[in-house]
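Q: I would like to learn how to read a protein structure, one feature at a time. Could we go through this one together?

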Amino acid sequence: MNTIWHYPNCSTCSKARKWLSARGIEAKAIDLVAEPPSAEQVADLWKRSGLPLRKLFNVSGVSYRAGGWKDRLEATTEEEQVAALSADGKLLRRPILDLGGRVLVGFSEAAWEEAVA
């Protein structure tokens, strides 16, 4: 089953869920804030996304700014970054769509269209 990690109050996440629904694509919805992924899940999602780890950070979020991540991100290890992402769901860029073999981070209609084609 597909999974979408989202934040209910996020308009982009809402658009993404509507986009999936309009195409008849089922996905289990998990609230990133209420149920943040474990460190193991974050590491797995990151590796399957093919993106640099820094791309999983929600750079426009309050948690990113409050944590001073702009200045300290490069100085932290991957393990520390994964631990931080799993400890605070608001640090994660959203939505994250887990299609099993592929993971998409952030909502780009063109990228999602290509991934589900």
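A: Happily! Let us begin with burial: a residue is called buried when its relative accessible area is under 20%, exposed when that area is over 50%, and partly exposed in between, using a 1.4 Å probe and protein chains only. Keep in mind that this is a predicted model, where local features need pLDDT of at least 70, side-chain atom pairs count only at pLDDT 80 or more, and totals for chains, interfaces and linings use all residues. Residues are numbered from 1 along each chain as its sequence is written, and side-chain values use heavy atoms, with hydrogens and water left out.

Q: Is Cys13 buried or exposed?

A: Cys13 counts as buried, because its relative accessibility is 1%. Cys10 counts as buried too, at 12%.

Q: How many disulfides does the structure have?

A: A disulfide is a pair of cysteine sulfur atoms within 2.5 Å. By that test, a search of the whole structure finds zero disulfides. The sulfur of Cys10 has its closest cysteine sulfur in Cys13, at 3.4 Å, which is too far for a bond.

Q: Now the helices, please. Where do the buried residues of α1 lie when seen down its axis?

A: First, what counts as a helix: helices (H or I, at least four residues) and strands (E, at least two) are DSSP runs, numbered from the N terminus. In α1, the buried residues are Cys13, Ala16, Trp19 and Leu20. Seen down the axis of α1, they fall within an arc of 120°, so they line one face of the helix. That arc is taken from the directions from the helix axis to the C-beta atoms. On the other side of α1, Ser11, Lys15, Lys18, Ser21 and Ala22 are exposed.

Q: What do the buried residues of α1 pack against?

A: Here we look for contact, meaning heavy atoms within 4.5 Å. The buried residues of α1 pack against β1 (2-6), β2, β3 and α6. You can read helix α5 (residues 78-87) in a similar way: its buried residues are Gln81, Val82, Ala84, Leu85 and Ser86, and they pack against α2 (39-49) and α4 (69-72).

Q: How many residues does α1 have, and how far does it reach?

A: The expected span of a helix is 1.5 Å times one less than its number of residues. With twelve residues, α1 reaches 16 Å from its first C-alpha to its last, close to the 16 Å expected. Just after α1, Gly24 takes a positive phi of about 70°.

Q: And charged side chains? How many salt bridges are there?

A: Side chains of opposite charge can pair when their charged atoms come close. A salt bridge is a side-chain nitrogen of Lys or Arg within 4 Å of a carboxyl oxygen of Asp or Glu. By this rule the count is four. One of them joins Asp98 to Arg48, with the closest N and O atoms 2.9 Å apart. This pair links distant parts of the chain, since Asp98 is in strand β3 (residues 96-98) and Arg48 is in helix α2, 50 residues apart. Asp98 counts as buried, at 14% relative accessibility, while Arg48 is partly exposed, at 25%.

Q: Which residues are linked in a network of salt bridges?

A: Arg23, Glu109 and Glu113 are. Arg23 pairs with Glu109, the closest N and O atoms being 3.7 Å apart, and with Glu113 at 3.3 Å. Arg23 is partly exposed, at 35%, as are Glu109 at 45% and Glu113 at 37%.
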